[in-house]
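Please take a moment to look over the sequence and the structure shown below before reading on. The paragraphs that follow lead through the fold step by step, beginning at the end of one helix.

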Amino acid sequence: MTLCCRLHLIGFVAVLLVAGCSSSADTTPLDVPVHLLCNGDLALRCGTSLESHVVVGVNGENGPYSHIGIVVQIDGQWCVAHAVPGENERGEPEYVKLDPIQVYYGRDRAKLGCIMRVTDDSTACRQATDYARWAVSAKKVFDNNYDWEDSTQLYCTEMVQRAYQHAGIDLAEDRHTQVVASLMPGTYVFPCDIAANASLRQVAAF
């Protein structure tokens, strides 16, 4: 069983045990400080889905964020390039996608948000955003197996890691999260593993 399937199964069990955990229908965005954004910033969020609750639960004290993407400006509009399952139109493959930042941080998808900056090196930021835009245009498929070594498909932290590796920066370093829960045992790189990089600077939390 893939990690994605395990997460869905855990979510199904959780909904039987916890009332009121379903996603909100309110698409009003969180109060994102768009005036502070730069290309290449990391966009973290705590999601509203049951899968997000599971990831945050596994994180423990390591942070409240369950998802991560890269801020990209397209024709003057701030967007987030990210790899996520379950948000594409019905029947459409789960490609790496580019969402307007107000959609990415809509209250139906996010309870909390955080913007972190990797570097003020404009060349590195450009190279990372170029990779993120390439992953979108190449229609890289979401990696339901969460295989860190397989670059043909990407999950959220893997895309961010590879984007900055493209710029010569190792965000995850050797950090990883060991999951011992019976439904999803294994070793994965979660957003908290990237956010723990000491060189990152928090731009805003909302």
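**A helix and the strands around it**

In this predicted model, D121 caps the N-terminal end of helix α4, with a side-chain oxygen that lies 2.9 Å from the backbone nitrogen of T123. D121 is itself approached through its backbone, since a polar atom of the side chain of T119 lies 2.9 Å from the backbone nitrogen of D121. T119 is found in the loop between strand β5, which covers residues 110–117, and α4. If neighbours within four places in sequence are left aside, T119 is in contact with A124, C125, Y164 and I169.

The helix that D121 caps runs from residue 122 to residue 137, and its 16 residues reach 22 Å from the first C-alpha to the last, which is close to the 22 Å expected at 1.5 Å a residue. Which residues of α4 are buried? They are A124, C125, A128, T129, Y131, A132 and A135, where buried means that under 20% of the relative area is accessible. These residues cover an arc of only 150° around the axis, and they therefore lie on the same side of α4. A general rule helps in reading such a pattern: an α-helix has 3.6 residues a turn, so residues three or four places apart point the same way. On the other side of α4, S122 and S137 are exposed. The elements that cover the buried residues of α4 include β2 (67–74), β3 (77–82), β7 (153–154) and α5 (156–166). Just after the helix, K139 takes a positive phi of about 55°.

Strand β2, one of the elements covering the buried residues of α4, deserves a closer look. Of the 8 residues of β2, 6 are buried, so the strand is largely enclosed by the rest of the structure. Strand β1, residues 42–47, runs antiparallel to β2 and is joined to it by 4 bridges, and in this pairing R45 has H67 of β2 as its bridge partner. β2 also pairs with β3 in the antiparallel sense, over 5 bridges, and here V72 stands opposite C79 in β3. The hairpin of β2 and β3 has 2 residues between the strands, and D75 takes a positive phi near 50° in this hairpin.

From β3 the path leads on to β4, for 4 bridges join these two strands, which run antiparallel, and K97 in β4 is the bridge partner of H82. In β4, which spans residues 97–100, K97 and D99 form a covered face, whereas L98 and P100 form an uncovered one. In a regular strand the side chains alternate between the two faces of the sheet.

What does I74, found in strand β2, touch beyond the residues up to four places away in sequence? I74 touches C79, L98 and R133. I74 and L98 are 24 residues apart in sequence, and their C-alpha atoms are 9.6 Å apart in space.

Seen as a whole, the protein has 6 helices and 10 strands, and buried residues make up 48% of its 206 residues. Among contacts between residues at least 6 apart in sequence, 67% join residues at least 24 apart. The accessible surface of the protein comes to about 9900 Å², of which 51% belongs to carbon and sulfur atoms.

Note on methods: Residues numbered from 1 in each chain as written. Predicted model: local features only at pLDDT ≥ 70, side-chain atom pairs only at ≥ 80, totals over all residues. Heavy atoms only, no water. Expected span 1.5 Å × (residues − 1). Buried < 20%, exposed > 50% of the residue type's maximum accessible area, 1.4 Å probe, protein only. Arc of directions from axis to C-beta. Contact = heavy atoms within 4.5 Å. Polar contact = N/O pair within 3.5 Å; in protein donor to acceptor, adjacent residues only side chain to side chain. Pairing = 2+ DSSP bridges. Areas by Shrake-Rupley, 256 points an atom, 1.4 Å probe, with all protein chains shown as cover.
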